[in-house]
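Me: Please take a close look at one part of this model, the protein surface that faces the DNA. I would like to know what builds that surface and how the surrounding elements are arranged.

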There are 2 protein chains.
Amino acid sequence: MAILSQTSEYALRAATLLARHAEPGPLDVAVLAKALGIPRNYLSKTLSQLVRAGVLESVRGKHGGFRLARPAANLTLYDVVEPFEHFAETRRCLLGQSVCNDRQPCAAHEGWKAIGERIVRFFRRTTLADLARSRTRWPNAAVLTRALDGRVAD
Amino acid sequence: MAILSQTSEYALRAATLLARHAEPGPLDVAVLAKALGIPRNYLSKTLSQLVRAGVLESVRGKHGGFRLARPAANLTLYDVVEPFEHFAETRRCLLGQSVCNDRQPCAAHEGWKAIGERIVRFFRRTTLADLARSRTRWPNAAVLTRALDGRVAD
DNA sequence: CTTAAAACACATATTATCATGGCCTTATCT
DNA sequence: AGATAAGGCCATGATAATATGTGTTTTAAG
């Protein structure tokens with residue numbers, strides 16, 4: 001009943017943060033991980049998957065890191081989460097009937113289908129730009145600002 | 001993203017079947033399991049949990065089995081599924097923020113909360129009587145009719 | 001009173017997924 | 001050249017969900 005996996009939540013957190021700090025250049029995993037309170041190596045793997053999915057871009061080498069591959073307004077939560085979730089299962093029959101569709105519906109079909117569609121629609125319509133607008137308090141925001149200051153001071 | 005666990009699905013299937021055949025008396029696990037295509041022992045455990053939850057009644061001994069504890073119209077899907085699901089997690093913040101409520105919402109709070117409420121409402125409003133109305137095709141319905149015929153013939 | 005059928009209880013696998021950590025390779029900037 | 005950071009690979013742990021197996025207790029029927 002958790003709907004989203006931990007991994008997806010990590011991905012959303014990281015993507016939201018990146019959406020806020022798009023300008024100064026890429027952010028590296030160490031900073032992201034500390035700021036968000038996520039295990040470094042795990043986040044690294046997760047972000048790599050997002051690169052493969054075309055959501056993020058990576059820059060290797062010194063002063064490398066990750067940034068959004070497109071403007072935040074063009075990246076939906078669906079894009080971010082889809083690599084880690086089986087959205088198809090949303091359409092699974094509530095009773096597990098092998099045949100359950102609009103023609104031969106089970107008794108719960110109507111209501112259940114509506115919910116699945118609701119969920120998918122939410123993820124498809126909400127963008128990272130929407131999330132970026134919030135005043136979200138990261139677990140360790142100080143690390144982030146310090147890192148950014150550091151870069152400028154450099 | 002599976003929303004419901006396999007166990008919950010089993011519980012719903014069994015409860016729906018019982019809602020249809022409430023009259024003739026209790027049905028035993030062996031028949032239910034075969035008719036529904038569910039591992040016998042596992043279903044047994046699951047139904048016991050539903051007895052403890054007050055959803056089903058059990059009759060021990062020969063000619064025993066399980067039946068609904070109340071009229072199907074008074075049993076919601078929530079009742080059936082709640083013992084196996086953590087509905088509280090539905091209210092979890094999408095971004096995992098420790099503080100995210102109506103007063104201090106994260107950017108996704110509104111939309112996300114609406115979905116959680118939608119899900120809960122569906123389970124609370126739909127009853128077993130609703131499900132029983134359908135012409136559901138069980139994996140092995142023949143077993144069931146045979147068992148019921150046998151009882152009558154006896 | 002014996003026996004068979006059934007729930008019930010408990011113990012133990014078995015998966016599967018999620019999550020983490022370490023290390024080596026590769027690319028890129030200074 | 002050297003430092004830095006992504007990327008890939010593998011091994012491990014943690015946990016829950018799923019499934020099976022064995023035995024005990026209750027009850028109806030003969």
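Reply: What follows goes through the surface at each DNA strand, then the elements behind it, then the pairing of the two chains.

The model is predicted. Chain A has seven helices and two strands, in the order α-α-α-β-β-α-α-α-α from the N terminus. Along the principal axes, the C-alpha atoms of chain A occupy a box of roughly 65 × 25 × 25 Å.

Start with DNA strand C, which is surrounded by 25 residues. The closest of these are Gln6(A), Thr7(A), Asn41(A), Gly61(A) and Ser58(B), and this list draws on both protein chains. At least two residues each come from α1 and α3 of chain A and from α2, α3 and β2 of chain B. The largest share belongs to α3(B), with four residues. By type, the surface near DNA strand C has six nonpolar, 12 polar and seven charged residues.

At DNA strand D there are 24 residues, and the nearest are Asp28(A), Ser58(A), Gln6(B), Pro39(B) and Gly61(B). Here α3 and β2 of chain A, along with α1 and α3 of chain B, each give at least two residues. The largest share, again four residues, is that of α3(A). The division for the surface near DNA strand D is six nonpolar, 12 polar and six charged.

Two of the contributing elements, α1 and α3, can be examined in chain B. Helix α1(B) covers residues 6-20 and helix α3(B) covers residues 40-52. Their axes lie 10 Å apart and meet at an angle of about 75 degrees, so the two helices are roughly perpendicular to each other. On the α1(B) side the contact consists of Thr7(B), Tyr10(B), Ala11(B) and Ala14(B); on the α3(B) side, of Leu43(B), Thr46(B), Leu47(B) and Leu50(B). Six of these residues are nonpolar, two are polar and none is charged.

The hairpin of chain B also reaches the DNA: Gly61(B) is one of the residues nearest DNA strand D, and Ser58(B) is among those closest to DNA strand C. Strands β1(B), residues 56-59, and β2(B), residues 65-68, run antiparallel and are joined by four bridges. Within this pair, Glu57(B) stands opposite Arg67(B). Five residues lie between the strands, and in this hairpin Gly61(B) adopts a positive phi near 75 degrees.

That leaves the relation between the protein chains. Chain A superposes on chain B with an RMSD of 0.1 Å after a rotation of 180 degrees and a shift of 0.0 Å along the axis, which is therefore the relation of a two-fold axis. Among the residues of chain A, Ile3(A) comes closest to this axis, its C-alpha lying 2.8 Å away. Each chain gives 30 residues to the contact between them. On the side of chain A that touches chain B, at least two residues each come from α1, α5 (109-125) and α6 (128-132), with the largest share, five residues, from α5(A). This side divides into 14 nonpolar, nine polar and seven charged residues. Both copies use the same surface, since 100% of the contact residues of chain A recur in chain B.

Definitions and conventions
Residues numbered from 1 in each chain as written. Chains lettered and ligands numbered in written order. Predicted model: local features only at pLDDT ≥ 70, side-chain atom pairs only at ≥ 80, totals over all residues. Axes fitted to C-alpha atoms, helices over the stretch in contact; angles between N-to-C directions. Parallel < 35°, antiparallel > 145°, perpendicular 65-115°, else oblique. Contact = placed C-beta atoms within 7 Å. Nonpolar A, V, L, I, M, F, W, Y, C, P; charged D, E, K, R; others polar. Near = placed C-beta within 6 Å. Pairing = 2+ DSSP bridges. Least-squares fit on C-alpha atoms with pLDDT ≥ 70 in both.
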